[in-house]
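Subject: Structure for your review

Dear colleague,

Please find below the structure that I am handing over to you. My findings follow it.

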Amino acid sequence: LDDRLLRSNERQEIVNLNSDIKRFFMNTTWDDNYSDLSIPLYIQIIFEGVTEKGNESIYNCQALFSNGGDLRYFDKSIQFYYNSGNSLYYDPVLFEPLTGFLAFYAHLILAGEIDTYEFNGGNGSFEIARDIALRGSASDYKKGWGSRITLVDNLNRNIGLRKARLSWYIAIDSFENGEMDLVIEELNNMLDGIDQSYRDLGRDNYTQYFLKIQSEKIAKMLS
C-alpha cells in the first residue's frame, strides 16, 4: 500500500487493510476445479486521496495487479470505502466496491492462468469478472467500472493471445520432457496466435506485454 498522499488520520483508518486483503485472497474459494493452483499475486494500491460521501470516507486509488509473469493489469480509477472492523467477504449477489474490485482482478488473473491449461479454459472466470463489472457499473460506486467491462471483453475476445499463451506453456512442458517435435509444433501455434491477435485487435497492449516478458525465454528455447 502506498499511502503517502493521505493525512495521518486517514492512514490510521487503513492500518489493517493490507492484512485484510491478504486474508481475503487466501480464505476465498475462487474456483472449485482449479483449487490446487498456487498462483503468486502481487498487488500495489496507490492512494490519491479521500472524499466524503454522506457518513462514508471514499478512498480514491490506482492499483496494479500481477502474477509476477505475463499477466499485469493497471487500474487508475478506483473508489471504495473501508471499515477496519469488518472482515472482507466477497458476496456474489450483494455488490461492495472494495471486495468487488479485488474479486474482479482475481478472476482476470485466474482466467489467464487457467487458459494455460486448456483452450479457453478461463471463460468461466471471465464471465464472473464481467458480471462483477456490470453490477459495479449499476451501483452507487460506478467510477471505473465501464472501463473494466471493456477490459474483460477485450481480454476474452483476444483469442489469438489466448491460443498463443496456451501453446507457449505447452511448449515449455514439452521442452522439459525432451519432446522437441511437439515443442516446434506448439511454437508455430504460438506464432499463429500472435498473428491472429494482430489481425483481430492490432497492436494490443496485453499481447505485446506477453511477448516482452517471454521473449528471452522464447529466444533461448529456439537457440
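The second largest pocket of this predicted model has a volume of about 300 Å³. Its lining consists of Arg72, Tyr73, Phe74, Ser147, Thr150, Leu151, Asn154, Asp204, Asn205, Tyr206 and Tyr209. At least two of these lining residues come from each of β3 (72–81), α5 and α8 (205–222), and α5 gives the most, with four residues. By class, the lining of this second largest pocket holds five nonpolar, four polar and two charged residues.

The largest pocket has a volume of about 660 Å³. Three elements, α2, β1 and α3, give two or more residues each to the lining of the largest pocket. The greatest contribution is that of α2, with five residues. In total 22 residues line the largest pocket, and those nearest its centre are Phe25, Met26, Trp30, Ile39 and Leu41. The lining of the largest pocket comprises 15 nonpolar, five polar and two charged residues.

Ile39, one of the residues nearest the centre of the largest pocket, is located in the loop between α2 (17–27) and β1 (42–53). Is Ile39 buried or exposed? Its relative accessibility is 27%, and because buried means under 20% and exposed means over 50%, Ile39 counts as partly exposed. Leaving aside residues up to four places away in sequence, Ile39 touches Ile109, Leu110 and Glu113. Between Ile39 and Glu179 there are 26 Å in space, C-alpha to C-alpha, and the two are 140 residues apart in sequence.

The strand β1, which follows that loop, pairs with strand β2 (residues 56–66) in the antiparallel sense over 11 bridges. Within this pairing, Val50 has Tyr59 of β2 as its bridge partner. The hairpin of β1 and β2 has two residues between the strands, and Gly54 takes a positive phi near 65° there.

Turning to enclosed space, three cavities of 30 Å³ or more are found in a search of the whole structure. The largest cavity holds about 160 Å³ of space. Of the 15 residues that line the largest cavity, Leu71, Tyr73, Leu155, Leu161 and Arg165 lie nearest its centre. Each of β3, α6 and α8 supplies at least two residues of this lining, which by class has eight nonpolar, two polar and five charged residues. Tyr73 thus appears in the lining of the largest cavity and also in that of the second largest pocket.

The second largest cavity contains about 40 Å³ of space. Its lining is made up of Tyr90, Asp91, Leu94, Phe95, Glu96, Thr99, Gly100, Ile132 and Arg135, with at least two residues supplied by each of α3 and α4. Four of the lining residues of the second largest cavity are nonpolar, two are polar and three are charged.

Helix α4 also merits a description of its own. Which residues of α4 are buried? They are Ser125, Phe126, Ala129, Ile132, Ala133, Arg135 and Gly136; Ile132 and Arg135 are also among the residues that line the second largest cavity. The cover over the buried residues of α4 includes α3 (97–114), α5 (145–157) and α6 (159–176). As for its length, α4 has 15 residues (residues 123–137), so at 1.5 Å a residue it should span 21 Å; this agrees with its end C-alpha atoms, which are 21 Å apart.

Yours sincerely

Key
Residues numbered from 1 in each chain as written. Predicted model: local features only at pLDDT ≥ 70, side-chain atom pairs only at ≥ 80, totals over all residues. Heavy atoms only, no water. Expected span 1.5 Å × (residues − 1). Buried < 20%, exposed > 50% of the residue type's maximum accessible area, 1.4 Å probe, protein only. Contact = heavy atoms within 4.5 Å. Pairing = 2+ DSSP bridges. 1 Å grid on protein atoms, 1.4 Å probe; cavity = no way out; pocket = protein on both sides within 12 Å on 5 of 7 lines; lining within 4 Å. Points joined across faces, edges and corners; volume = space filled by probe spheres on them. Nonpolar A, V, L, I, M, F, W, Y, C, P; charged D, E, K, R; others polar.
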